[in-house]
Amino acid sequence: MSADVELQNISVTFGSFYAAKNVSVKIKQGEFFSFLGPSGCGKTTLLRAISGFLDPSEGKVLIGGQDMAGIGPNKRPTSLIFQNLALFPLMTVADNIAFSLEVRGTGKIERRKRADELLELIALSGQGDKKVHELSGGQRQRVAIARALAIEPEVLLLDEPLSALDLKLRQKMRTELRAIQKRVGITFIYITHDQGEALTMSDRVAVMNEGELEQVGLCDDVYDYPNTPFVATFVGENNPFYAKVLSINKNEVKVESQGNTFVATAGKINENQNHSFTIGDEVIMFIRPESIFIKNENNKLDNNFSASVNTIEFEGNLKNIYLKINSNMDVRFSVPNAVDTSELSSNKDVELTFSSKKAVVLPKGSLAVD
Amino acid sequence: MNSFFNKNGPLISTYFIIAIVFWLIFLIIIPQLYMLDLSFRPNLPPLLRGGPDDVHTLVHYKHFIFGSETSADAYNYVDIGVFLNTIFTAIMVTIINLCFCYPIAFYMAKVAKPNSARLLIVALIIPFWINELLRSFALRILFAGEGVINNILIGTGLIDAGINFIALDIALYTGLTYAYILLMIFPLYNAIESLDTNQLEAAKDLGSSTIRTHWRIVIPHAKAGIASGCTMVFMLTAGALATPVVLSSPNTYWFTQLIYQWFNMNDNWSRGSAYSILLLSVSVIFVLLMMRLFKVKIGEIVR
């Protein structure tokens, strides 16, 4: 069984501080949904409101259409995986997994059977009699998932469960989590500050900042069409160009920045609704580092500018090239490692080009702080 | 040893070694060994000590079991009775203390906000600035036949005649439980405090009731603290003197009172020593039993 989750105008206040502010979102049944945002943005607060450990100051949590007000965490059809996993160190792996069944008065033999089934699901068959500390980090992770799945929840809530793992294991666990979600078919609500994690695993993401939802959408939509300057800079890397609107033509906006004229698509809120600008508006145009290319005969797009090379940074698969426009504005672009950059020495002027389809113009607003 | 000196420097190292050796040898080992030896010697006037009559003997231990030779009884029912009653009461007080302190310790460690937890700790500690004897007398005043509690109960019409709290040993139990409450609360508090709060939430999220969460998660985690608190409270209760003297009913004796009598009033240090050794032995056995029961090692208890 799987259920949808709906948050209706959820606000959570601590004194005069809003941990979550008027959040409304509908999470579909069987969906892998992520709340993405920097630490302190209120995503954990929302998760606690869904799991029942915290009562929202205002608004409603509906799970499977049913209002959860007054229903405690032990009575909700949700199961929570904690950031530190919170496995019970004094119990065996099997006892950990079957704890929810023990609570429900299931007999010993039945419990063991279910624990063994779940151990098989997480590829840890035969490890049920071990103590938790005898397992590796990734194995513990999987045990936590099995323990949460043992009660057959309709919604699984995950609070940054991968953050304690090292990079390789984290990447492996992403794939595994996604596979487990496909297999059990229940709704997963995932909390993370790691955009890579959110984008690789989720069907949809909600980007949060300072207690408010900035944007909810499909992963590629959020990446390609950020709705606010915060989303543009928090999800992936981006170059902000502070600019002024020169002219508007349907979805296209012509702007001026640092003496250059650019054409860009206006950021869209959804399919039908665009930000509307008037001539002379102060705006920010965003262009991602991977969308900027060195201009040459074969590669000439509709936006062009020149800049001088500042530094080149090697990042394994990519090379990041830091530029300055008019020696005061920083721009960065990246090329695959295979591209020859020997001609780009420091202080050398280069001509660059990018497509208007990849550039997004948004009203001025705060950026994600690095 | 060398690394100890290198780490702490010669001055501090020497001080530590001298202090610890002095403490162990002069304040613990020598007096206890002296008492042990004394307990196996006859009670002789000073002039005869070290003479031909000063031999090792079991006479005092025999006295504890069989009583004086002039007595008509086969066994020393009085002393054995007092001894068993003391141990039994101490065990009961320990259990009451544990039941009473566990919720308080849990509340302080996991429920209360840090500020109110600190306030609660202060509120618990301050009464213990007053010495044990005074606290016992204060309780005696509360529990007396025409004491505060009886007056209130009668005044509110809950009872018609005063309850004899002293004779019913209610005053004694209350006084003894209260006397060492901190020694139960703090080990419990320390143990529970170190439990990851997420574990409590995880248990709750998995559907566990409060009682089961305590039974399966909190108590197993805190068992070293429970064993530590229980052993300390038991030892100190069994060895208490002031509280039982003030609060016990006229016909209840505490074993330490007997020891006190042999030492001071009857001037029989050998018999006093023998009785002390008996009490000490039973206390140590109790500690070992507790450790066995809770499956904890001595290192965990003092942690």
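A salt bridge here is a side-chain nitrogen of Lys or Arg within 4 Å of a carboxyl oxygen of Asp or Glu. Counted that way, the predicted model holds 18 salt bridges over all chains.

Helix H4 (residues 108-121) of chain A is a handy place to start. A:Arg112 pairs up with A:Asp116 in a salt bridge, with 3.5 Å between the closest N and O atoms. The two sit four residues apart in helix H4, so about one helical turn separates them. Both ends get some solvent: A:Arg112 is partly exposed at 31% relative accessible area, and A:Asp116 is also partly exposed, at 35%.

Helix H4 of chain A also contributes A:Arg114, whose side chain meets that of A:Glu152 in a salt bridge at 3.4 Å, N to O. A:Glu152 belongs to the loop between helix H5 (137-149) and strand E7 (155-159) of chain A, so this pair ties together parts that are 38 residues apart in sequence. The partners sit in rather unlike surroundings: A:Arg114 counts as buried because its relative accessibility, 19%, falls under the 20% cut-off, whereas A:Glu152 is exposed at 57%.

Chain B has its own example, with the side chains of B:Arg41 and B:Asp37 meeting at 2.8 Å, N to O. B:Asp37 is partly exposed, with 29% relative accessibility. Salt bridges with shared partners also join A:Glu102, B:Arg212 and B:Arg216 into one network, which brings together residues of chains A and B.

Now for the rings. The count comes to 25 aromatic pairs over all chains. One of them is A:Phe262 with A:Phe305: the ring centres are 6.0 Å apart and the planes meet at 85 degrees, so the pair is edge-to-face. This contact links distant parts of the chain, as A:Phe262 is in strand E13 (residues 260-266) and A:Phe305 in strand E16 (residues 303-315) of chain A, 43 residues apart. Both A:Phe262 and A:Phe305 are buried.

Over in chain B, ring pairs link B:Phe64, B:Phe83, B:Phe255, B:Trp262 and B:Tyr275 into a cluster. B:Trp262 picks up a charged neighbour too, with B:Arg271 lying over its face at 5.1 Å from the ring centre. Elsewhere in chain B, the charged end of B:Arg135 sits over the ring of B:Tyr178, 5.8 Å from the centre.

As for confidence, chain A averages a pLDDT of 88, and 97% of its residues score at least 70. Within chain A, strand E3 (residues 32-36) does best with a mean of 95, while E13, home of A:Phe262, comes in lowest at 84.

Definitions and conventions. Residues numbered from 1 in each chain as written. Chains lettered and ligands numbered in written order. Predicted model: local features only at pLDDT ≥ 70, side-chain atom pairs only at ≥ 80, totals over all residues. Heavy atoms only, no water. Phe/Tyr/Trp six-rings, centres within 6.5 Å; stacked < 30°, edge-to-face > 60°. Buried < 20%, exposed > 50% of the residue type's maximum accessible area, 1.4 Å probe, protein only. Lys NZ or Arg CZ within 6 Å of the ring centre and 35° of its normal. pLDDT = per-residue confidence, 0-100.
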